[in-house]
Amino acid sequence: VGLKNRARSKVGMSKIAPEFLKTCVQAVFDGSNDRKRKFTESIELQVGLKNYDPQKDKRFAGQIKLNHVARPTMRICVLGDAYHCERAEQEGVDFKTADGLKSFNKNKKLIKKFAAQYHAFLASDSMIKQIPRLLGPGLNKAGKFPTLITQAESLSAKMDELKSTVKFQLKKVLCMSVAIGHVNMDIGEASDNIKLAINFLVSLLKKNWQNVKSLHIKSTMGKSQRIY
């Protein structure tokens, strides 16, 4: 599979000339600099697909870790055992113990509100097994079931991994948008993330580039730049 994807990757970016991509990324950065916002704008990759029927064709889903942190302001909460809660406290990261989760008393509204406060969750091994019992299907329904963290892993490195991971999932419509960077990166890093994300997406598609109708990049509040 690795070789196949690598071969596809080579085919992949030949569709978008590197210099053209850099010019488009520069235009996104320039637009953001012209109107500075009070927050760090994300850079989004917007995808339009074609020759796909979400009703009949198999819906794809996949995620890839990019080379550079894409979402530095991502809010993460640790659902931890004593060890991970202590680590989280030391690093100034929000955390919940098993007792903290029990206090929700399986109240769906409270769990939904809790899930909405964060972009993602990390959980210790012992906690992951308890989550369905303590919280029901709430986090799963929100698409935020926790990622496992072991005691051998660094909490900050694991958080950076989450902040660098993008997910492509075909739902009922033929368009999707993912954050692949932010306007405080340098152009090379942003271009690198965009290339990796596009190549991975193309490898998920049934007919590869024949299923790609359009690709745009834009900052959160900026104009979109068509790159394909």
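This report covers confidence, strand pairing, cores, one helix and the salt bridges of a predicted model.

**Basis and confidence**

Residues are numbered from 1 along each chain as its sequence is written, and side-chain values use heavy atoms, with hydrogens and water left out. In this predicted model local features need pLDDT of at least 70, side-chain atom pairs count only at pLDDT 80 or more, and totals for chains, interfaces and linings use all residues.

pLDDT is the predictor's confidence in each residue, from 0 to 100. The chain averages 88, and 94% of the residues score at least 70. Over residues 1–12 pLDDT stays under 50. That stretch has seven contacts beyond four places in sequence, a contact being heavy atoms within 4.5 Å. Where pLDDT is low, the predicted coordinates should not be read in detail.

**Strand β1 and the cores**

Helices (H or I, at least four residues) and strands (E, at least two) are DSSP runs, numbered from the N terminus. Buried means under 20% relative accessible area, exposed over 50%, and partly exposed in between (1.4 Å probe, protein chains only).

Strand β1 spans residues 42–49. Six of its eight residues are buried, so the strand is largely enclosed by the rest of the structure. Strands count as paired if DSSP finds at least two bridges between them. β1 pairs with β8 (residues 175–182) in the antiparallel sense over seven bridges; here Val47 stands opposite Met176. β1 also pairs with β9 (residues 212–219), again antiparallel and over seven bridges. In that pairing Glu44 faces Lys218.

A nonpolar core is a set of buried Ala, Val, Leu, Ile, Met, Phe, Trp, Tyr and Cys residues joined through side-chain atoms within 4.5 Å. The largest has 36 residues. Leu45, Phe60, Phe168, Ile180, Ile198, Leu215 and Ile227 touch the most other members. Two or more residues each come from α2 (18–34), β1, β7 (165–169), β8, α9 (187–204) and β9. α9 gives the most, with seven. Apart from this core lies another, of 17 residues, among them Ala115 and Met127.

**Ala70**

Ala70 is in the loop between β2 (61–65) and β3 (76–79). It is buried, with a relative accessible area of 1%. Its contacts beyond four places in sequence include Ala179, Ile180 and Asn193. The C-alpha atoms of Ala70 and Thr165 are 7.5 Å apart, across 95 residues of chain.

**Helix α3**

In α3 (residues 82–90), His84, Cys85, Arg87 and Ala88 are buried. Seen down the axis, they fall within an arc of 160 degrees, so they line one face of the helix; the arc is that of the directions from the helix axis to the C-beta atoms. Ala82, Glu89 and Gln90 are exposed on the other side. The buried residues pack against β3, β4 (94–96) and α8 (155–163).

**Salt bridges**

A salt bridge is a side-chain nitrogen of Lys or Arg within 4 Å of a carboxyl oxygen of Asp or Glu. The whole structure has six. Three are listed with their closest N and O atoms.

| Acid | Base | N to O distance |
|---|---|---|
| Asp57 | Lys206 | 3.2 Å |
| Glu91 | Arg87 | 3.5 Å |
| Glu161 | Lys158 | 3.9 Å |

Asp57 lies in the loop between β1 and β2 and Lys206 in the loop between α9 and β9, so the pair ties together parts 149 residues apart in sequence. Glu161 and Lys158 both lie in α8, three residues apart, about one turn of the helix. Shared partners join Glu153, Lys158 and Glu161 into one salt-bridge network.
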